[in-house]
Amino acid sequence: MSVLADIPWNLILPILGLQLILMLVALIDLIRNQRTNGPFIMWIFIIILLNIVGPILYFIFGRRQS
Amino acid sequence: MKGFGVLLQKEWREQIRNFKLLWIPLVFIIFGILEPVTNHFLPEIMKSVGNMPEGVEFPWPEFAPKDILVSLMGQYQSIGLLIIVLAFIGAISSERKSGTATLLYVRPLSYSSYFLSKWTMINALVLFSVWVGFLAGWYYTSQLFGSIPATDVVAFLAAYSLWIIFAVSIVLALSAWLPTGGVAALGLFLTMIMAILDSVIGAYWTVTPWKLSTYASYILMGSMDYPTFWKTAGLTVFLIILLILFGTYMAGRNAAKTTV
């Protein structure tokens, strides 16, 4: 437990929080839109598994503008 | 300039609906926070994952607070520009392709207000993102490394903003001229690759828009030769106006290529 306590959470938490918001926004948009370039399931994995980059990739390439 | 206000509202609504108003500032803020934090913990990160032999003393460079902002600008020059160019390449060209533009071209709106409304809205969005990102980075830098005078940061941001406006103008003018694929290639070339080329072989001239980001960092460091900077800024403003005129003209000429 001491390892966890040593991490300066006050510095790390804002980054984690913002990443989570970015991921959630991408997921909500994906589920509401349903139509993507490429398979739907693939984009869910990309958004969840790739930090920061995943949602950016989805918004730039995966999202079908209509 | 007929209908400029209405078109601006349309752009605003579009940026909200495709979430650009949310995710672009978020991404810039995340990078703005990450840069000082990773630099602060670099020695510890290297200790735990760097696989260094026992007893090796690596002399870590002492970062001055201003160095962190300059390296954050380096991040924005690569990843940031890539995001800006790719996010807005379709601003006009994909509207032509999808047929949205038909709905606009049949109305009595001038091409200049059509182009300028996009230019204003996208610049506002991108500048907001860059500023918020730098403010977040500035706050973390002052907490972890030491304070930087606000006047220096504001002068630095003002010079860097001019470069961002220039880059957005390039992307939009190209978007009015070419189909989306061409915009991506030429847009990335004219912003990122030209900036790299200019820093590699550009030692023989001093006045180009691609040197603006370097000059912004000189301003932050307090070592800028101001006559050169004002010449560069003047040239950049002139080129931005040319790009706007070119984009307006091309938006009109390509109106016939719209999918109906």
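## A walk through chains A and B

The side chains of Asp198(B) and Trp205(B) are joined by a polar contact of 3.2 Å. That pair is a good place to start a tour of this model, which is predicted.

Let's stay with Asp198(B) for a moment. Its home is helix H8 of chain B, which covers residues 180-201. Asp198(B) counts as buried because its relative accessibility is 6%, and the cut-off for buried is under 20%. Which residues does Asp198(B) touch once its neighbours within four places in sequence are left aside? They are Trp205(B), Thr208(B), Trp210(B) and Lys211(B). Trp205(B) therefore appears twice in this picture, as a residue in contact with Asp198(B) and as its partner in the polar contact between side chains. For a sense of scale, the C-alpha atoms of Asp198(B) and Val106(B) are separated by 43 Å, with these positions 92 residues apart along the chain.

Helix H8 also holds Ile196(B). Is Ile196(B) buried or exposed? Ile196(B) is exposed, because its relative accessible area is 52% and the cut-off for exposed is over 50%. So helix H8 carries a buried Asp198(B) as well as an exposed Ile196(B). Measuring from C-alpha to C-alpha would be the natural way to place Ile196(B) against Ile45(B): the two are 30 Å apart in space and 151 residues apart in sequence.

Now step back to see chain B as a whole. Chain B has 10 helices and 0 strands, and along the sequence its pattern reads α-α-α-α-α-α-α-α-α-α. The C-alpha trace of chain B spans about 75 × 40 × 30 Å along its principal axes. Chain B has 260 residues, and 50% of them count as buried. If you take the contacts in chain B between residues at least 6 apart in sequence, 83% of them join residues at least 24 apart.

Helix H6 offers another buried residue to look at. Ser129(B) is found in this helix of chain B, and Ser129(B) counts as buried because its relative accessible area is 0%. What lies 2.8 Å from a polar atom of the Ser129(B) side chain? The backbone oxygen of Leu125(B) does. With neighbours within four places in sequence left aside, Ser129(B) is in contact with Ile24(B), Pro25(B) and Phe28(B).

The loop between H5 and H6 of chain B is where you will find Pro108(B). Pro108(B) counts as exposed because its relative accessibility is 64%. The C-alpha atoms of Pro108(B) and Gly3(B) are separated by 8.4 Å, although these residues are 105 apart along the chain.

Next comes the empty space inside the model. Rolling a probe the size of a water molecule over the atoms shows where such space is left. The count comes to 1 cavity of 30 Å³ or more, and the largest cavity has a volume of about 40 Å³. Which residues line the largest cavity? They are Leu7(B), Leu104(B), Tyr105(B), Leu109(B), Ser110(B), Tyr111(B) and Tyr114(B). Helix H5 (100-105) and helix H6 (111-144) of chain B are the elements that give two or more residues to this lining. By type, the lining residues divide into 6 nonpolar, 1 polar and no charged.

Chain B also meets chain A. The size of an interface is often given as the accessible area lost when the parts come together. Here, chain B and chain A bury about 1700 Å² between them, and 88% of that is on carbon and sulfur atoms. In chain B, Phe19(B), Trp23(B) and Ile30(B) lose the most area to chain A, together 32% of what that side buries. The contact takes 17 residues from chain B and 19 residues from chain A.

The last stop is the backbone of chain A. Most residues other than glycine have a negative phi. Gln34(A) is not a glycine, yet has a positive phi of about 70°. Gln34(A) lies in the loop between helix H2 (9-33) and helix H3 (40-49) of chain A, and counts as partly exposed because its relative accessibility is 46%. Ile52(A) also has a positive phi, of about 55°, without being a glycine. Ile52(A) lies in the loop between H3 and helix H4 (53-62) of chain A. Is Ile52(A) buried or exposed? Ile52(A) is buried, because its relative accessible area is 11%.

Key: Residues are numbered from 1 along each chain as its sequence is written. Chains are lettered from A and ligands numbered from 1 in the order in which they are written. This is a predicted model: local features need pLDDT of at least 70, side-chain atom pairs count only at pLDDT 80 or more; totals for chains, interfaces and linings use all residues. Side-chain values use heavy atoms; hydrogens and water are left out. On a 1 Å grid over the protein atoms alone, a cavity is a set of points where a 1.4 Å probe fits but cannot get out, and a pocket is an open set with protein on both sides within 12 Å along at least five of seven lines; lining residues have an atom within 4 Å of a point. Grid points are joined across faces, edges and corners, and a volume is the space filled by probe spheres set on the points. Helices (H or I, at least four residues) and strands (E, at least two) are DSSP runs, numbered from the N terminus. Ala, Val, Leu, Ile, Met, Phe, Trp, Tyr, Cys and Pro count as nonpolar, Asp, Glu, Lys and Arg as charged, and the others, Gly among them, as polar. Buried means under 20% relative accessible area, exposed over 50%, partly exposed in between (1.4 Å probe, protein chains only). Contact means heavy atoms within 4.5 Å. A polar contact is a pair of N or O atoms within 3.5 Å; within protein, one must be able to donate a hydrogen and the other to accept it, and residues adjacent in sequence count only if both atoms are side-chain atoms. Buried area is the accessible area (1.4 Å probe) that two parts lose on being put together, summed over both.
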